[in-house]
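Here is a short guided tour for a first look at a protein model. Keep the 3D view open and turn it as you read.

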Amino acid sequence: MRLLLLVFACSISALAQSPQIDKLDPPNWWAAMPAPMLLAKGQNLNGARFTLSDTGLHIKKTVISDNGHYAQIWLTASPSRTETIRLTARTSKGATTVAYTFSPRRNPSDGFAGFSSKDVMYLIMIDRFADGDPSNDGPDHDAQLAKSRGWHGGDLRGITQHLDYLQQLGITTIWITPVYQNYGSQSYHGYGATDMYAVDEHFGNLTDLRDLSAALHTRHMKLVLDTVPNHIGPNHPWVRDSPDPTWFHGTLENHTIAQTDFAPLTDPHAPWRDQINVTEGWFANTLPDLNQEDPAVSRYLIQNAVWWTEQAGLDGLRIDTFPYVGRAFWQSFHAQLHSLYPHLTTVGEVFNSDATITSTFAGGVTRTGVDTGLDTPFDFPTYFALRDVFLKDAPMTRLADVLRLDNLYPHPERLVPFLGNHDTTRFLDGATSPNTLELAFTILTTMRGLPQIYSGDEIAMRGGADPDNRHDFPGGFGPTQDNAFNPAGRSPDQQKAFSSLKNLLALRNSHPALQTGTEQLLHADKNTLVYVRTLTNSAHGIQRTLVAVNKGSEAADVVIKTDETEIQNAQRSTVLLGSPSSISMNNGALTVHLAADAAVISDLD
């Protein structure tokens, strides 16, 4: 008996020391795709030799962490056909085998359409929009609801259930905040990943994401997913047990804080001393900064973006904290994505008011380094200008001065202007009246670029700095009379704002010049701004739509000499918004009669 116990104990000991694989990233890959790097997480992987059941596949190299918890397995290629293979790790202590699937790729027409200035983008913070599946709210839901930074229950099904509302408003594209698993009591926002390959249980699951994408595509709408290659969350397992010491800039105990001034990155005379903490500091002093200069980290992050794109049939990616990552990585990132998905569009967060800085991160710009390949940055310079004009009584020439710098961008028509997002105070928090929002929306929806609307702005939501700018959408969280998804549940101010934006978006949709036409600024002074959007095509000839806005408290007549302008041959005006008598033309001049605090939109023939 003693001998049997000894043999049994030895067997248990050997089993405990044999290699073990608990997780593989990516969870699957696709046939005829670029060769993947598989990251295996487990135990006792030290000295392991990895083999594949498909003898036609080969491993280029293997890198194992010192503690045996991780192994990078770099394949030379993906199989040309779909199959499930067996990956075996073998040491002198034993072996373990796991299955790995190379799936069939999506049909190229199943998503991947990209977005353009023909679209209207709507930002949704998943947790704060609508609770479509109460079963995933968690056991402490009531306690979380009471917290301004708690998990409130919004999920992917909640978005899918309200696509009628968005389509009726005139939205064509939705941008959702990250779906990554975010373990943490205040991680509802999604920007502190603890697993970059899992949908957080609060949001639902991968099937819910795919269902949302399919529902959007059925409606000829588009899906943009937030992605965060700059950092992970403080609760991610890598923070205390990384695949390699080189995967981070700094450590939990010894790191620098991210610098938010991007000017040194665009200054050819700035020393590395003044730039290093932009790309190597930990954001907000809490989010571990990934080292994209490490080839394994770079490969992992690029694969991650490809994986989510293919899984969900994404049409675009919103890229968080774009300037905080080096340009060389972005060049590789976009080269891979655009080679696989030629129409996929990326928009990057460059939170800066200076167009000379923001423009340097746009694809095609190489004056401060290699081409990032980014399709477009968000138009933060016009965001700041619009807020200055409408909330701080800056002259309309402030906006004109920013638009003058459009020639810094290879494609200014791709820019994504906006009035606010989940990182800023609500526009109405600083406005004197909802009518101010309507005037700002008039410019936003008729200027060049793709307008982005922050969920709730269309119903005149108010709110200060985070978390006050992230209130739950009324009507999305259980039965209530205050249900802004339905006209009957809206207050008069909510309905007025909604109707105004809906009418503007309908006008934009029916007038191609407001989507893709050139923009010519005809007049700007303290209170008034006048511009024309012009589109020339063989089918409809010249289409010209004039936009005039007066933010002043008194009426104004703006006289514009039309010679040598886009409107010099115009003879007739058809007013689309405003009084029918708002426009008069004679003797080479056009006069716009603007009421106080009002706008006019007109077709010119």
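Let us begin with strand β3 (residues 37-43): 5 of its 7 residues are buried, so the strand is largely enclosed by the rest of the structure. Bear in mind throughout that this is a predicted model.

**Around β3**

Strand β3 has a partner in strand β1 (residues 20-25), and the two pair in the antiparallel sense over 5 bridges. You can find this pairing by looking for Ile-21, whose bridge partner in β3 is Gly-42. Strand β6 (residues 70-75) also pairs with β3, again antiparallel and over 5 bridges. Here Leu-39 has Gln-72 in β6 as its bridge partner. In general, strands of a sheet pair through backbone hydrogen bonds, either parallel or antiparallel.

Now move to Pro-26, in the loop between β1 and β2 (29-30). The peptide bond from Asp-25 to Pro-26 is cis, with omega near -10 degrees. Which residues does Gln-303 touch, leaving out those up to four places away in sequence? They are Pro-26, Trp-29, Ala-35, Pro-36, Met-37 and Tyr-197. Gln-303 itself belongs to helix α7 (residues 295-312), and with 0% relative accessibility it counts as buried.

**A parallel sheet and its helix**

Next, look for an open sheet of 7 strands, in the order β16-β15-β14-β13-β10-β9-β17, with parallel pairing. Its edge strands are β16 (376-377) and β17, each of which pairs on one side only. Within this sheet, strand β13 (residues 222-227) runs parallel to β14 and is joined to it by 4 bridges. Asp-226 stands opposite Arg-318 in β14.

Helix α8 lies across β14 and β15, running at about 165 degrees to β14. How many residues does helix α8 (residues 327-340) have? The helix has 14, and it reaches 20 Å from its first C-alpha to its last, close to the 20 Å expected at 1.5 Å a residue. Among the buried residues of α8 are Phe-329, Trp-330, Phe-333 and Leu-337. The buried residues of this helix pack against α7, β14 (316-319) and β15 (345-348). An α-helix has 3.6 residues a turn, so residues three or four places apart point the same way.

**Rings and charges**

The structure holds 34 aromatic pairs. One of them, Phe-322 with Trp-330, is stacked: the centres are 4.3 Å apart and the planes 15 degrees. Both Phe-322 and Trp-330 are buried. By contrast, the rings of Phe-380 and Phe-418 have centres 4.9 Å apart and planes at 80 degrees, so that pair is edge-to-face. The pair links distant parts of the chain, since Phe-380 is in helix α10 (residues 380-391) and Phe-418 in the loop between α11 (397-403) and α12, 38 residues apart. Phe-380 is buried, at 0% relative accessible area, and Phe-418 also counts as buried, at 0%.

Some rings gather in a group: Phe-262, Phe-283, Phe-322, Tyr-324, Phe-329, Trp-330, Phe-333 and Phe-361 form one aromatic cluster. Charges meet rings too. Lys-61 lies over the face of Trp-74, at 4.7 Å from the ring centre, and the charged end of Arg-490 sits over the ring of Phe-498, 3.8 Å from its centre.

**Helix α13**

Phe-498 is one of the buried residues of α13, a list that also includes Ala-497, Leu-501 and Leu-505. Helix α13 (residues 492-510) has 19 residues and reaches 27 Å from its first C-alpha to its last. Its buried residues pack against several elements, including α4 (163-169), α12 (434-446) and β25 (598-604).

**Unusual backbone spots**

Most residues other than glycine have a negative phi, and most peptide bonds are trans. A second cis bond to look up joins Asp-466 and Pro-467, with omega about 10 degrees; Pro-467 is in the loop between β17 and α13. The table lists two residues that have a positive phi although they are not glycine.

| Residue | Phi | Loop | Relative accessibility |
|---|---|---|---|
| Asp-393 | about 60 degrees | between α10 and α11 | 48%, partly exposed |
| Asp-597 | near 55 degrees | between β24 (589-594) and β25 | 29%, partly exposed |

Terms used
Residues numbered from 1 in each chain as written. Predicted model: local features only at pLDDT ≥ 70, side-chain atom pairs only at ≥ 80, totals over all residues. Heavy atoms only, no water. Expected span 1.5 Å × (residues − 1). Buried < 20%, exposed > 50% of the residue type's maximum accessible area, 1.4 Å probe, protein only. Contact = heavy atoms within 4.5 Å. Phe/Tyr/Trp six-rings, centres within 6.5 Å; stacked < 30°, edge-to-face > 60°. Lys NZ or Arg CZ within 6 Å of the ring centre and 35° of its normal. Pairing = 2+ DSSP bridges. Axes fitted to C-alpha atoms, helices over the stretch in contact; angles between N-to-C directions.
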